[in-house]
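Reader: I should like to go through several assignments in this entry and hear the reasoning behind each. Please set the values against the criteria.

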Amino acid sequence: SGDVVRRERFSGGPARGFLSSLAADERIFAADVAVDRAHVVMLDEQDVIDREDASAILGALDAVESAGHADLPDGEDVHAAIETAVIRRIGDRGGRMHTARSRNDEVATCIRYRLREDVLDAAEATVEARDVLADVAEDHTGTVMPGFTHLQPAQPTTVAHYLCSYESALARDTERLLDAYGRINRSPLGGAAFAGTPFDIDRERTAELLGFDDLVRNSMDAASARDFLVETTAAVAALATTLSGLAEDLVVFSNLGYVELDDAYASTSSIMPQKKNPDTMEIVRGTAGEAAAGLNALLSILKGLPRAYNRDLQRAHPHAFEAVDAVAEATEVAAGAVATAAWDESTLEAAASEGFSTATGVADLLAMEGLPFRTAHELVALAAERMGGGADVDAAYAALDAAAKDVLDAPLDARVDRDTVEVALDPVQSVASRDSVGGPAPATVERELTR
Ligand code: ARG
């Protein structure tokens, strides 16, 4: 039979280890048993094989499954090894299992079957991380902190608003994963090598038994398609990129004393006893590089592959599995770090007043009082330039008043009274005033959290 020829062809030689994917295929061992079962049940229902042979094969598959991947005979891959193990248990009739299929549709089905589970795990990790972000945000809608652009203090915001910005981003990561899931969840089984089969198979039935929503209908496409790996890995790499920003912020914020990571999420130095380093966040940040590299590896392997099956494909899916594993774990770790971190409210509030970070609020105020925004911007910029870095309210008012005299030929209180300016200069009130949709005002963030 063809199987015997195939096994003989794979009898040895220096490239044996190079050719074999058996070790890496441990990942799809359980999937392959499931795919074998569904296929055999369908072959029996369609009278392609008889009931006794089907029963014997299913019994052998149970035993092979219990014995586990480690107990498989050596083979070119998990599909061949499981078939050999079945034949060893029940004799040649075990070879009927491979009727009306090929390893090409088989492996594609196994990858999709297993990846569905992994993508759901990753999506679940994003949902849990979003829960954590929202829970911590609920406690900090009034905790004012500096917001940055170009890593310079820019405008005050709150810890809640900051955390919710990552919840929003992760919500799209969840969407992307679930979107990829929809296209993973189609069955290529029954496409055979690429050219279909003369047997009267029922592809819808195996799809149903394996929980697939739909078919990859064209049999050549079924054996060849790996774009589901690309979009899954892209979704995972995008998720990792989101997390890397959060991780980077937490590294910076730790160093500024804004937040302290729990000891469980930090590490120390082997030589410098005083150090508490945010190592977990740095590894989360690094994971984004690995995921991006995995996506690049996949695209590079798939680019220009001719139809239909080519063995290059054996080196493709491990990149998707590695990326999804690393990023799901990074998601859990990032969520744990946020859940247990302590935000230093007084350091944050003091920092929010530094660098004249309420300058935009003062310019907004002058514009509300009728000044063109560009003129208001110029006036406040002049004051900021003269003030240098930090300044108390009196110094800020004096600088603004002097700038008003230069730019408007009038004291500041000709435009707006001093109390109102002081309100705008206060970071807490400045945040409270920015209540446009999605803005940082505590009441606005509370509304979004409820939504
Ligand atoms: N181990 C192979 C893979 O992962 C299975 C398919 C082998 N098919 C073939 N025609 N050589 O792609």
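Reader: Why is Ala100 called buried?

Author: In this predicted model, Ala100 has 21 C-beta neighbours inside 10 Å. The cut-off for a buried residue is 20 or more, therefore Ala100 counts as buried. Ala100 is located in the loop between helix 5 (78–90) and helix 6 (103–139).

Reader: What makes the phi of Ala100 worth listing?

Author: Its phi is near 65 degrees, a positive value in a residue other than glycine. Most residues other than glycine have a negative phi.

Reader: Which other residue has a positive phi although it is not a glycine, and why is Asp47 called buried or exposed?

Author: Asp47 has a positive phi of about 60 degrees. This residue belongs to the loop between helix 3 (29–45) and helix 4. Asp47 has 9 other C-beta atoms within 10 Å; the limit for an exposed residue is 12 or fewer, so Asp47 is exposed.

Reader: Why is Asp53, in helix 4 (residues 51–67), assigned to its exposure class?

Author: Asp53 has 19 C-beta neighbours inside 10 Å. Buried requires 20 or more and exposed 12 or fewer, so Asp53 counts as partly exposed. Leaving aside neighbours within four places in sequence, Asp53 is in contact with Arg93 and Arg96. Asp53 and Gly94 are 7.5 Å apart, C-alpha to C-alpha, and 41 residues apart in sequence.

Reader: How do you know that the peptide bond between Arg307 and Ala308 is cis?

Author: Omega is about 5 degrees for the cis bond that joins Arg307 and Ala308. Most peptide bonds are trans. Ala308 lies in the loop between helix 11 (279–302) and helix 12 (317–340).

Methods:
Residues numbered from 1 in each chain as written. Predicted model: local features only at pLDDT ≥ 70, side-chain atom pairs only at ≥ 80, totals over all residues. Contact = placed C-beta atoms within 7 Å. Helix = DSSP H or I, 4+ residues; strand = E, 2+ residues; numbered from the N terminus.
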